[in-house]
Each structure stands twice: as structure tokens, then as C-alpha cells.
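Colleague: I'm new to reading folds, so could we go through this one together, step by step?

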Amino acid sequence: MKKKQQSNHEEGNTPKYLNLLTDFGFKKMFGEENKKFLIAFLNSILADSVGTIEDLTYLNTEQLGESPKEKKMVYDIYCTTSDKDHIIVELQIGGQSYYGERAFTYVSRLVSKEAKKGERKYHIPPIYSINILDFRMTVFNDCSNYFWEIQLKDQKNRIFLPQIKFLFIELCTFARLFKKSEYRETLHRWLYTIKNMGEESTRECPFDDPLFQDFFEQGKIDKLTTMEKEDYAKSILEYQEVKDTIEYEREYARNEGREEGLAKGKAEGLEEGLAKGREEGEAKAKLAMAKSMLEKGIDIETIVSITGLTAEEIMSN
């Protein structure tokens with residue numbers, strides 16, 4: 001009897017739904033086979049910009065450069081609307097100090113592809129870069145907002161290129177600012193779902209909404225095929241590795257920065273020494289993290305994306 005109770009407890013702690021913060025989970029639930037969910041999610045974000053989206057066409061997520069020397073870019077989701085609005089959707093878990101530049105570069109690749117040889121007139125289609133982040137964009141330096149909409153403007157706040165818009169959504173900040181009882185907007189429900197659906201404590205859909213109830217039903221892990229379960233298990237391992245290395249990097253950087261900063265502070269001034277020590281500590285932590293990920297068989301592109309190091313720095317470590 002005692003053994004049976006233990007078994008039930010372990011079963012209750014097994015996640016029931018896909019973790020949408022994993023690469024597999026996110027693309028499974030918002031991929032082409034579940035187009036209606038992506039349409040609903042995008043409508044909760046872009047309705048004021050593009051109107052109601054009725055249909056989407058999924059496009060190749062691999063974007064090659066004009067020459068072999070140019071870096072290949074791989075989007076999480078890339079699609080167009082019936083009105084030919086281009087939409088890039090990216091999910092990023094690990095913090096990156098250069099993420100803004102990365103998002104801009106991804107959009108720039110699409111812009112460059114629209115510049116046809118021999119034509120003097122440039123045509124830039126509407127492009128929306130939607131970035132769902134589970135970290136804070138320090139460049140914004142504002143803990144009271146979780147949603148950022150960015151366009152190129154002049155000094156009088158006039159929009160320079162209305163076709164291009166960047167949207168950054170911070171899941172961690174959203175979770176801190178709102179309680180579940182305050183999720184009145186559809187976007188709030190989507191963000192809660194993306195952040196929490198794969199948690200062990202989530203046992204049923206928390207919203208009395210047919211769309212979300214269907215979403216949770218389709219997101220049950222036991223609905224996966226045997227091959228999909230294997231792919232999902234690998235994605236979970238990669239996700240956990242990212243979370244573990246992020247925590248390791250933070251702790252390592254704190255310790256290294258504290259020790260080296262105190263030592264250098266005697267000679268260079270305490271404030272300057274601490275800053276330099278933290279910087280060097282972070283660099284060492286990233287190299288150590290990259291080495292650990294290489295040893296676990298994680299591919300170079302993923303390590304570059306997470307650490308911000310170049311492939312050359314990683315391989316020479």
C-alpha cells in the first residue's frame with residue numbers, strides 16, 4: 001500500500017503537457033500542423049498593426065546569405081499573411097547582451113532578399129519581428145514593462161520605415177507583473193501558457209476558453225508518436241542544459257568577479273577593479289560553459305547562440 005502511494009506521487013509529478021520553452025514544444029504547437037494556434041497568438045499581438053490575420057503561409061526557416069561566406073540564419077518560425085506581411089517569431093531562453101543586434105540582423109536578411117539585381121527601385125515588404133524572451137533586455141532598463149514595440153524614428157518621433165517593426169516580449173517580467181487572476185487579455189493568457197504549460201504543477205487548462213482548452217488538449221505529451229517523444233526528450237535535455245549553464249555562468253561570474261575585483265581593486269581602485277573582474281569572470285564562465293556543452297555533444301550553432309562566443313573562440317578553448 002505504501003509503495004502504491006509513492007508511485008502515484010511520482011506519477012503526479014510527471015509533466016502532463018509539452019514544455020513550450022523547448023525548441024520541440026514551441027514548434028510543435030505553433031507549427032504548420034497547428035496553424036490555427038499561431039494565427040490566434042499573432043492576432044493577440046498584431047491586430048492593431050495588420051488587422052485580423054485569417055491565414056498564414058509557412059516559409060523555409062533557413063535563410064542563406066548571398067555568398068558562402070555569409071552566415072546562415074535559422075528562424076524558429078517564418079511565415080507570411082494573406083496580405084504578404086512577413087512575420088518572424090523567435091523564442092529565446094538564454095540571455096544575450098547582443099540580442100537586439102541579432103533580431104535586427106534577422107530582419108536585414110529578409111530586406112536584402114527583396115533587393116533585386118538590376119532594379120533601381122527598392123521594395124521592402126511589411127516585416128514584423130516577434131521575439132519572445134525568458135530574460136530581461138537590459139538595454140531597456142525598465143522593470144515595469146514586459147512588452148516593447150520598436151520602429152526606426154527621427155528626432156521628432158516621425159517613423160522612418162513604417163514597414164519594419166520589432167516586438168520584444170519578456171516572459172519573466174510578465175510573470176512578475178501579473179497574477180493569474182489578472183489575465184483578462186488574450187495575449188496575457190498566451191504568455192502564461194507559453195511560460196507555464198510544461199510545469200509539473202499544471203494539470204489542466206486554467207482558462208474557460210474553448211481555444212485554450214483545445215490547445216492544452218493538443219499539447220498533451222501522451223499524444224506524441226514514439227519518434228516525437230524521443231525528439232521531445234532530446235529537446236528537454238537541451239533546454240535543461242541551457243538552464244543549468246545559465247545558472248552556472250551567473251554563479252561563476254559572481255564568484256570570479258568578486259575575487260578578481262577585490263584583488264585588482266587594491267591596485268586600480270575598488271570600483272574599477274570590481275567592474276573589470278566581473279567582465280573577466282563572465283568571459284571565463286562563458287568559455288567554461290561552452291566547453292561543458294561541447295563535451296555533452298551540443299552543436300556549435302546552439303552554443304554560439306547561447307554563449308555569444310564565436311565558433312573560433314569555442315573550438316580554440
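Colleague: In what order do the six strands of the open sheet lie?

Modeller: Happy to help, and keep in mind that this is a predicted model. The sheet is open and its pairing is mixed. Going across its six strands, the order is 1-4-5-6-8-7.

Colleague: Which strands stand at the edges of the sheet?

Modeller: Look for strands with a single partner strand, because one side of each is then left without a neighbour in the sheet. That description fits residues 56–58 and residues 147–150. The edges are therefore strand 1 and strand 7.

Colleague: Which residue in strand 4 is the bridge partner of Thr 57?

Modeller: Strand 4 covers residues 77–81 and pairs with strand 1 in the antiparallel sense. Three bridges join this pair. For Thr 57, the bridge partner is Thr 80.

Colleague: At what angle does helix 3 run to strand 6?

Modeller: Helix 3 spans residues 35–50 and lies across several strands, among them strand 5 and strand 8. Strand 6, residues 127–133, is also one of those it lies across. The angle between helix 3 and strand 6 is about 115°.

Colleague: How is helix 3 placed against helix 6: parallel, perpendicular or oblique?

Modeller: The two axes come within 8 Å and cross at roughly 125°. That angle makes helix 3, relative to helix 6, oblique.

Colleague: How many charged residues does the contact of helix 3 with helix 6 have?

Modeller: Helix 3 brings residues including Phe 37 and Phe 41, which meet a set in helix 6 that includes Leu 187 and Trp 190. By class, eight residues of this contact are nonpolar and two are polar. As for charged residues, there are no such residues: the count is none.

How values were computed:
Residues are numbered from 1 along each chain as its sequence is written. This is a predicted model: local features need pLDDT of at least 70, side-chain atom pairs count only at pLDDT 80 or more; totals for chains, interfaces and linings use all residues. Side-chain values use heavy atoms; hydrogens and water are left out. Two strands pair if DSSP finds at least two bridges between them. Helices (H or I, at least four residues) and strands (E, at least two) are DSSP runs, numbered from the N terminus. Contact means heavy atoms within 4.5 Å. Axes are lines fitted to C-alpha atoms, for helices over the stretch in contact, and angles run from 0 to 180 degrees between N-to-C directions. Angles under 35 degrees count as roughly parallel, over 145 as roughly antiparallel, 65 to 115 as roughly perpendicular and the rest as oblique. Ala, Val, Leu, Ile, Met, Phe, Trp, Tyr, Cys and Pro count as nonpolar, Asp, Glu, Lys and Arg as charged, and the others, Gly among them, as polar.
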